[in-house]
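Okay, thanks everyone for squeezing in. I'll put the structure up and then just walk through a few spots in it.

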Amino acid sequence: MEKNRRLDEAALRRLLEREQTGPEALVLRLAWLEGLTREEIAGLTWDQVSFLDGRLELPDRMVPLEGEVRALLWKLQEAREEWEEPRDPHVLLSARERRPMRLESISRLARQALDRGGLRGVRLLDLRYDWIIRCLDRMDWPEAARISGVEVATLQLRFSASAPARKAPKAPAAPVDEFKLWKLLQAERNTAAGLAMWLSWQMGLQAQEITALTWKDVDFQEGVLRLPDREASMTSAVRRLLEEEYRRRAPSEDPHVLLTERSRRPMDLPRLSRLTRAALIRGGLERLTLRDLKRDDARDLEDERILQRALEEGFVSRGDVSELLGFSKTATYARLRRLTEHGRLVRVGAKYYLPGTVVPPERHRETIVSYLAQAGFAYRQDIADLLHIQPKQCTLVLRRLVEEGTLVQIGQKYFLPQQEERKVE
């Protein structure tokens, strides 16, 4: 059929009305209403179907779950629960063998159903393309890229003619959202894409340098990467990741730092681009490429030293940072404020902690009230341990809550007001 021509929506709706049960009904809906590829349909498992959140959680993207698809999947899951154990985790199974359906079988089912509906010449892939076009009717390029898993540039090249309302000049490169990037790097730290992003973001390596890097170029003793034209000092985070990766390697494996997951061969540029692209989309950074992460200024290295100190000591103060980097009081405050605004540090009083190591200030009240509702009363040290902060900081928190009437203090104990009243009665 004509490339990216819009399909006959009325004919497809009539076809879906007829195809209410069986694997054909599911295949057609997953392709046309959810935009899944043939490979994604074959590989879809029940743990990727989130009924609670109303989405399909694919490896490189999240796709909203349409109502009729959700209903069909729910009904299918209920039927599967009656099967004897063990049950295959795949959603689409062959009727006879109850095994994952082959790609060729999926294509054949779709083609036969489309032919019955008078849609001859329409391929399974055309259903996904039509889904993308419909997405572009109601959302911008970056959002369509995020849920389709296709780069913005590729979408514009392939679908601009089919979605003229969304045709626009290429937007300038967006600034890096350091908070989202930091969370993504933590989530991907044990993957090839994650290691590549760390090397680009913190070490300034280009993609060609990353794929060419071998273990003989990594000098753990001196803490440097010996590249053909320069030496680059490793940050502590990159060094830890490389050490972890090196320990996982078998002595007989290829000496390149980045290897493909299955064949264990050196990673080439196209594959690395696809992997990092998928990871960036998962992290909500669909506007970025690996090239955009390359950073050379000293500020990032300084940030890394601050975060490393917080990791080692449990927290940092303004005095710690001023002494560590030789900053003035004003410069120290500005740097810590930026790290806090980006979510890389959490401020509690005069101390700064890594996210996840303390209860953030906006949750102090609810956390303490919930604890006292169960425990009845608490001492200051109990609350300090609950919030994972220092006792002196805890004193300020408790004093404020007492002054506003949220807590009542009797001696060294703290109560909720209603608990204290019951105690007196």
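So, let's begin at glutamine 48, which sits in the loop between helix H3, residues 38–43, and strand S1, residues 49–50. Keep in mind that this is a predicted model. Is glutamine 48 buried or exposed? Its relative accessible area comes out at 15%, and the cut-off for buried is under 20%, so glutamine 48 counts as buried. As for what it touches, if you set aside neighbours within four places in sequence, glutamine 48 is in contact with Gly43, Arg55, Leu56, Glu57, Leu58 and Pro59.

Hang on to some of those names, and hop over to methionine 62, in strand S3. Not counting residues up to four places away in sequence, methionine 62 touches Arg55, Leu56, Glu57 and Ile147. So Arg55, Leu56 and Glu57 turn up on the contact list of glutamine 48 and on that of methionine 62 as well, if you go by contact as heavy atoms within 4.5 Å. Methionine 62 has 40% relative accessibility, so it goes down as partly exposed. And if you like a distance to check in your viewer, methionine 62 and glutamate 78 are 16 residues apart in sequence and 23 Å apart in space, C-alpha to C-alpha.

Ile147 was on that list too, and that takes us to helix H7, residues 141–148. How many of the residues of H7 are buried? It's 6 of its 8, so this helix is mostly covered. The buried ones are Trp141, Pro142, Ala144, Ala145, Ile147 and Ser148. What's covering them? The list includes strand S3 at 61–64, helix H6 at 124–138, helix H8 at 152–159 and helix H13 at 269–282.

The two ends of H7 are worth a look as well. At the N-terminal end, aspartate 140 acts as the cap, with a side-chain oxygen 2.9 Å from the backbone nitrogen of glutamate 143. After the helix comes glycine 149, and its phi is positive, near 80°.

While we're on positive phi, here are two cases that aren't glycine. One is arginine 264, with a phi of about 60°. You'll find arginine 264 in the loop between H12 and H13, and at 30% relative accessibility it's partly exposed. The other is histidine 388, where phi is near 65°. Histidine 388 is in the loop between helix H18, 380–387, and helix H19, 391–403, and it's partly exposed too, at 47% relative accessibility.

Right, helix packing. Let's go to the N-terminal helices and take H1, residues 9–18, against H2. Their axes come within 11 Å and cross at roughly 145°, and the crossing is left-handed. On the H1 side you've got Glu9, Leu12, Arg13, Leu15 and Leu16, meeting Leu28, Arg29 and Trp32 of H2. By class, that contact has 5 nonpolar, no polar and 3 charged residues.

Now H2, residues 22–32, also packs on helix H4, residues 67–80, with the axes coming within 10 Å and crossing at roughly 145°. H2 passes H4 in a left-handed crossing. Here Ala25, Leu26, Arg29 and Leu30 in H2 meet Glu68, Val69, Leu72, Leu73 and Leu76 in H4. That splits into 7 nonpolar, no polar and 2 charged. Notice Arg29: it's listed in the contact with H4 and in the one with H1.

Last pair: H10, residues 192–203, and H12, residues 236–248, which pack at an angle of about 155° with their axes 10 Å apart. Which way do they run relative to each other? That angle makes H10 roughly antiparallel to H12, because over 145 degrees is the cut-off for that label. H10 passes H12 in a left-handed crossing. From H10 the contact uses Leu195, Trp198, Leu199, Gln202 and Met203, and from H12 it's Ala237, Val238, Leu241, Leu242 and Glu245. In class terms that's 8 nonpolar, 1 polar and 1 charged. If the spacing in those lists looks familiar, an α-helix has 3.6 residues a turn, so residues three or four places apart point the same way.

One more residue before I stop: aspartate 219, in strand S4, residues 218–219. Its relative accessible area is 19%, so aspartate 219 is buried. Leaving out neighbours within four places in sequence, aspartate 219 is in contact with Val224, Arg226 and Met234.

Okay, that's me done, so over to you.

How values were computed: Residues numbered from 1 in each chain as written. Predicted model: local features only at pLDDT ≥ 70, side-chain atom pairs only at ≥ 80, totals over all residues. Heavy atoms only, no water. Axes fitted to C-alpha atoms, helices over the stretch in contact; angles between N-to-C directions. Helix = DSSP H or I, 4+ residues; strand = E, 2+ residues; numbered from the N terminus. Parallel < 35°, antiparallel > 145°, perpendicular 65-115°, else oblique. Left-handed = near helix turned anticlockwise from the far one by under 90°. Nonpolar A, V, L, I, M, F, W, Y, C, P; charged D, E, K, R; others polar. Buried < 20%, exposed > 50% of the residue type's maximum accessible area, 1.4 Å probe, protein only. Polar contact = N/O pair within 3.5 Å; in protein donor to acceptor, adjacent residues only side chain to side chain.
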